[in-house]
Amino acid sequence: VYMVARTFPLFAAADPVAFGVVAWIGAITALFAATIAIAQRDFKRVLAFSTISQLGYMFVGLGVAGTDYGPGPGMFHLFTHAFFKALLFLGAGSVLHSLHHAMHREVQDVNLMGGLARFMPITAITWLIATLSISGFPFFAGFYSKDTIIGLSFEHGYYALWVITLVTAGITAFYMLRAYILAFGGKGGAWGGLWGGPYRGEGHPHESPRSMTIPLP
C-alpha cells in the first residue's frame, strides 16, 4: 500500500485504467479474504484474514481516489487500521496467554473459549472496541476511513466497487462479532448473551497481568 502511495504520480501519469486495476484487485481481495474469515475457528487466523481484507480496502481507496484526492483515503485507512488491528492482536495475545495458563496447553480454537468476558473484563471491553472499529461502527476510527473509501467509490461512478465494499463491510462486522461472541460471550450472559456466558474450556482463566492489560486501553 505504501509503495503504491509513494509511486502515485506514476499511476496518475499512466492511463486512468491503472487506477481501476488497483481498485478492482483491492475489492476482490477484500471480499475473498472476508469470506474465508467467516469459517475460521482459530482466533488468530480470523485476524490474519481480516488483515488481508482490510489491505484490499486500502487498495480500493488508492484506486477510487485517483488524482482528485491522491493517496490520502488509502493511507488514512492504513493509519486507522494500524491502531485497531494492533489492539485486536494484543487482545488475542492476552486471551491465548490466559488460556495457556488455564489449560496448560496452546488453545486457539474459539469453540473452546466462551464466557471469557466474566474472567477477562479489560481484555473483553478493549477487544469489543477494536471490533466495533474494524466493523465500521459509527463514530469509531474505522468508520471514518472505511466510509471515505465507500463514499468515493459511489462518487466516482464505481458502482460495482461500491456494492462490493458495502457487502464486505457487512461481512467484516459479521465475522468479527462472531469471533467476539464465541470467545467472550455465550449463552446465559447479560446483554443478549454478548457478555459473559458459560466458559467452555478447562481450568480457570483469569485476566492477564498488568504488563499486558495496561497497553490495551
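This passage walks through the cores, one charged pair and two buried residues of a predicted model. Local features need pLDDT of at least 70 and side-chain atom pairs count only at pLDDT 80 or more, while totals for chains, interfaces and linings use all residues. Residues are numbered from 1 along each chain as its sequence is written, and side-chain values use heavy atoms, with hydrogens and water left out.

The largest nonpolar core (buried Ala, Val, Leu, Ile, Met, Phe, Trp, Tyr and Cys residues joined through side-chain atoms within 4.5 Å) has 32 residues. Phe-43, Val-95, Met-113, Trp-127, Met-176 and Phe-184 touch the most other members. At least two residues of this core come from each of H3 (17-38), H4 (43-69), H5 (72-103), H6 (121-134) and H8 (159-184); helices here are DSSP runs (H or I, at least four residues), numbered from the N terminus. Another core, of 13 residues, lies apart from it and includes Ala-27, Leu-152, Leu-161 and Ile-164.

As for charges, the whole structure holds one salt bridge (a side-chain nitrogen of Lys or Arg within 4 Å of a carboxyl oxygen of Asp or Glu). Arg-41 and Asp-109 form it, at 2.6 Å from N to O. Arg-41 sits in the loop between H3 and H4 and Asp-109 in the loop between H5 and H6, so the pair ties together parts 68 residues apart in sequence. Arg-41 is partly exposed at 43% relative accessibility, whereas Asp-109 is buried at 19% (buried is under 20% relative accessible area, exposed over 50%, partly exposed in between; 1.4 Å probe, protein chains only).

Then there is Ser-153, in helix H7 (residues 141-155), which is buried at 0% relative accessibility. Leaving aside residues up to four places away in sequence, Ser-153 touches Val-60, Val-64, Tyr-158, Tyr-159, Leu-161, Trp-162 and Thr-165, where contact means heavy atoms within 4.5 Å. Thr-213, in helix H10 (residues 210-213), is buried too, at 5%.
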